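Got the viewer open and a selection box ready? Let's take a walk through the model, one stop at a time.

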Amino acid sequence: MTTPSVEPEDLAGLRDHIEGYQSDDDVLAAARARGHQLGCVPIGSAGGATLRFLATAVRAKSVVEIGTGAGVSGLNLLRGMAPEGVLTSIDVEPENQAAAKRAFLEAGFGPGRTRLIMGRALDVLPRLTDGGYDLVFVDAAKAEYPKYHEHGVRLLRPGGVIAFDNVLWHGRVINPAIRDAETLAIREVSRAVRDDERLVPALLGVGDGLLVAAKL
């Protein structure tokens, strides 16, 4: 039997369907709105649901988030983590972390469930424990993604997962004529994760692209 093809004009509708499959509740919606106001665009609903799934699947107790934003991704991670789990989240902007702290409290997560560290991620990550984390999520300075890859793998326990958001970069990664620093870095980390013999990777087409990999 022939399967009906999907016309190009239907692709936007399919993407909307995927994003709307699990919609934000009031707390997530409020955090998302604050993120847009602050200029730190949050992960989409489908990407957030994927983070929650990953945190649940690996029974995460210790998670590192590189790029706190306004707390949208952190909320999804916390909702998937074990009840005693702790989210360590790094961001260079104090306004972002204040917004995230508000979101976490509104969702019922007390201060003991989060460790918010203000600073440049590349200065903070070397101080974190090798092999001490179940999941690392990256959504920060795109030009630094290749360096986050090396730190992230070091931090993960065997069986842990690293995830990078925005790896499709609004379609720029497939246009060879685009060679700005951020696009080049995303291409580099995509190749590095794919070729890293310590990892089992998959490129997911949710949102603006989510690259995930499990550590062997």
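Is His170 buried or exposed? Select His170 and see: at 55% relative accessibility, His170 counts as exposed, since buried means under 20% relative accessible area, exposed over 50%, and partly exposed in between, with a 1.4 Å probe and protein chains only.

Before moving on, some ground rules. This is a predicted model, where local features need pLDDT of at least 70 and side-chain atom pairs count only at pLDDT 80 or more, while totals for chains, interfaces and linings use all residues. Residues are numbered from 1 along each chain as its sequence is written, and side-chain values use heavy atoms, with hydrogens and water left out.

**Stop 1: two loops**

Stay on His170. It sits in the loop between S5 and H8; those labels come from DSSP runs, numbered from the N terminus, with helices (H or I) of at least four residues and strands (E) of at least two. Look at its backbone: His170 has a positive phi of about 55°, although it is not a glycine.

Now jump to Arg59, in the loop between helix H3 (45-57) and strand S1 (62-66). Here too phi is positive in a residue other than glycine, near 50°. Arg59 counts as exposed, at 69% relative accessibility.

**Stop 2: helix H5**

Select residues 94-106, which make up helix H5. Start with Gln97, which is in this helix. Gln97 counts as buried, with 7% relative accessibility. What does Gln97 touch, not counting residues up to four places away in sequence? Show its surroundings and you should find Thr68, Gly69, Ser89, Ile90, Asp91, Leu116, Ile117 and Met118, where a contact means heavy atoms within 4.5 Å.

Next, pick Arg102 and Glu106. Their side chains meet in a salt bridge, 3.1 Å from N to O; the term means a side-chain nitrogen of Lys or Arg within 4 Å of a carboxyl oxygen of Asp or Glu. Because Arg102 and Glu106 are 4 residues apart in helix H5, about one helical turn separates them. Both ends are partly exposed: Arg102 at 47% relative accessibility and Glu106 at 38%. Add Arg34 to your selection, and you have a network of salt bridges linking Arg34, Arg102 and Glu106.

**Stop 3: more salt bridges**

How many salt bridges does a search of the whole structure find? The count is 13, so let's drop in on another couple.

Select Arg120 and Asp123, a salt bridge whose closest N and O atoms are 3.7 Å apart. Arg120 is partly exposed, with a relative accessible area of 40%, and Asp123 is partly exposed as well, at 47%.

Then try Asp130 with Arg154, another salt bridge, with the closest N and O atoms 2.4 Å apart. This pair links distant parts of the chain, 24 residues apart: Asp130 is in the loop between helix H6 (121-124) and strand S4 (133-138), and Arg154 is in helix H7 (residues 145-155). Arg154 is partly exposed, with a relative accessible area of 23%.

**Stop 4: an aromatic cluster**

Keep H7 on screen and select Tyr145, Tyr148 and Phe164, which form one aromatic cluster. Which aromatic pairs are here? A search of the whole structure finds 2 of them. Tyr145 and Tyr148 make a tilted pair, 6.2 Å centre to centre with 55° between the planes. Rings of Phe, Tyr and Trp (its six-membered ring) pair if their centres lie within 6.5 Å, and planes under 30 degrees apart count as stacked, over 60 as edge-to-face and the rest as tilted. Both tyrosines lie in helix H7, 3 residues apart, about one turn of the helix. Tyr145 is buried, and so is Tyr148.

Tyr145 also forms a tilted pair with Phe164, 5.5 Å centre to centre and 50° between the planes. That pair links distant parts of the chain, from Tyr145 in helix H7 to Phe164 in strand S5 (residues 156-165), 19 residues apart. Both Tyr145 and Phe164 are buried.

**Stop 5: H7 beside H8**Finish by showing H7 together with helix H8 (residues 181-195): they pack at an angle of about 30°, with their axes 8 Å apart. The axes are lines fitted to C-alpha atoms, for helices over the stretch in contact, and angles run from 0 to 180 degrees between N-to-C directions. H7 and H8 are therefore roughly parallel to each other; angles under 35 degrees count as roughly parallel, over 145 as roughly antiparallel, 65 to 115 as roughly perpendicular and the rest as oblique.

Select the meeting residues: Tyr145, Pro146 and His149 in H7, with Ala185, Ile186, Glu188, Val189, Ala192 and Val193 in H8. By class, this contact of H7 with H8 has 7 nonpolar, 1 polar and 1 charged residues, where Ala, Val, Leu, Ile, Met, Phe, Trp, Tyr, Cys and Pro count as nonpolar, Asp, Glu, Lys and Arg as charged, and the others, Gly among them, as polar.
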